[in-house]
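This report covers the burial, fold content, pockets and confidence of one protein chain. The sequence and structure come first, and the description follows.

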Amino acid sequence: MLICKSMAFWSVSRLLSSSIRHKNPKFSTALSPAEKYYTHLQKCGDNIEKTLPAVRAKLDSSCVNVVLNKCSRTQSQLGLRFFIWAGLQSYYRHSSYMYSKACELFRINQNPRAIIDVIEAYRVEGSVVTVKTFNVVLNLCREAKLADEALWVLRKMAEFNIRADTIAYNSVIRLFCEKGDMDLAAGLMKEMGLIDLYPNMAIYITMIKGFCNVGRLDDACKLLKVMKGHGCSPNKVVYSVILDGVCRFGSLEKALELLAEMEKDGGDFSPNTVTYTSVIQSCCEKGKLMEALEILDRMRAYGCAPNRITISVLTKGFCAQGRVEEVYKLIDEVVAGGNVSYAECYSSLVVSLVGNKNLQEAEKLFRWMLASAVKPDGLACSILIKALCLEGQFLNGFHLFDKLDSVEGLGAIDSDIYSILLVGLSQKRHSVEAVKLAKLMVDRGIRLKTPSFDSIVEHLKESGDKEIVMYLSSNFFDRHQGDVK
């Protein structure tokens, strides 16, 4: 009987242990791809690019990101070389985010020497590098905006018996155009022709935009002719870049000539809403409002509808000359076209009126909009209330704010407006309104900066208004003690 019980107990134990084994499988000890690459980097010596393919682990942005983070602490050059190697693999390509991440982790902008050290390490170790290797390095320079270092890298390619390609030149030219050094950029472009390389559309656009940005419009137009002579037909982007430059730095007549040329060529060269708006803005800035309206008519006749930006440019131009009544008529015409709403147009007009110190007309229009269920946008609301506060009309600004708070579907009001109003209401001793606004701020998690808090408490203590002082101290100080000290 004892034997039977023992056997039964043994059978049950075996059954239980078997069950437990099935329910608790062994944990995997396999390394992740990132751990494999990082471990390999710790073991290998020089010329890591030769041995990295032996790892045979999946390479993706997540893996690269982990390796870079591990290396960034004490092994930045190792991490940088891994990043460059990863960017050369046929089955993986770095995104712009990864270039940004690499520059951030290795502080390339603050330590451009890191780029030079990597190239020198390739030379000392006799590493096998290609034009693609240098292009990855140049992309890092582009991300970090290191023009001089990028030029150094371009010159170093010859020492490795590597001929720079169009991509490499494009990277360096772009950096010098962004820097405003157009003479050096133009020199690099000429240099390309000496080694039988021809600029592509990207380089022409970069150069033309660069010339326009520094006001060298004649050079931009000359390059346009050169471009055509080399069989590279300019597209809408090229014309728009030149037109924008002419509108900013050149004559209105030249801008109109270019616009007419685009309208004539049609097809891929057809002007769009942005193109027409640039010319309209140029007219308005030069005070030629009738010409601006003529361009608007041409725009609509060509089949391009004006947008809110177009209307904003026109309202600003007319308000600057005090011709407000004409703006109302213009808005009626544009809204009738069906592409922009009264809410958008009137919001732009409110902003323009405030900008031209016509606060009375701006407030009148704003209140009419609210009464007529025409909802102003967040920008118009914020700018008008701030303008009222700057004029010392804090109570008026608050009442307007309070009315807006009950309207559904309005754009968000700038959080700074809350603080400006609260400081003003406190200074003017409008404690009832100040408490109401303070409660709203606490409920919505809108924080006060330390100077604002101290100013409010100081003024209220002087006025003997203990109610709001206690309220602010118990709510803002307790909830936002990280901001208020």
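Buried residues account for 46% of the 485 residues in the protein chain. The model is a predicted one. The chain exposes about 25,700 Å², and 53% of that area is supplied by carbon and sulfur atoms.

The secondary structure consists of 27 helices, with zero strands. Among the contacts with a separation of 6 or more, 65% are between residues 24 or more positions apart.

**Pockets**

The two largest pockets are set side by side below.

| Pocket | Volume | Lining residues | Lining by class |
|---|---|---|---|
| Largest pocket | about 440 Å³ | 16 residues | five nonpolar, eight polar, three charged |
| Second largest pocket | about 270 Å³ | 15 residues | 10 nonpolar, two polar, three charged |

The largest pocket encloses about 440 Å³ of space. Closest to its centre, among the 16 lining residues, are Gly 87, Arg 93, Tyr 99, Val 136 and Asn 139. Helices H6 (96-105) and H8 (131-144) each contribute at least two residues to the lining of the largest pocket. H8 gives the most to this lining, namely four residues. By class, the lining of the largest pocket holds eight polar residues, along with five nonpolar and three charged.

In the second largest pocket, the lining residues nearest the centre are Ala 186, Met 189, Lys 190, Leu 223 and Val 226. Three helices, H11 (182-194), H12 (201-213) and H13 (217-229), each supply at least two residues of the lining of the second largest pocket. Of the residues in that lining, 10 are nonpolar, two are polar and three are charged.

**Confidence**

How far does the mean pLDDT of the protein chain reach, and what share of its residues reach 70 or more? The mean is 85, and 86% of the residues reach 70 or more. Two stretches with low values are described here. Over residues 1-28 the pLDDT stays under 50, and the model has zero contacts for this stretch beyond four places in sequence. Residues 478-485 also have a pLDDT below 50, but this stretch has 14 contacts in the model beyond near neighbours in sequence. Predicted coordinates should not be read in detail where pLDDT is low.

Notes: Residues numbered from 1 in each chain as written. Predicted model: local features only at pLDDT ≥ 70, side-chain atom pairs only at ≥ 80, totals over all residues. Heavy atoms only, no water. Buried < 20%, exposed > 50% of the residue type's maximum accessible area, 1.4 Å probe, protein only. Contact = heavy atoms within 4.5 Å. Areas by Shrake-Rupley, 256 points an atom, 1.4 Å probe, with all protein chains shown as cover. 1 Å grid on protein atoms, 1.4 Å probe; cavity = no way out; pocket = protein on both sides within 12 Å on 5 of 7 lines; lining within 4 Å. Points joined across faces, edges and corners; volume = space filled by probe spheres on them. Nonpolar A, V, L, I, M, F, W, Y, C, P; charged D, E, K, R; others polar. pLDDT = per-residue confidence, 0-100.
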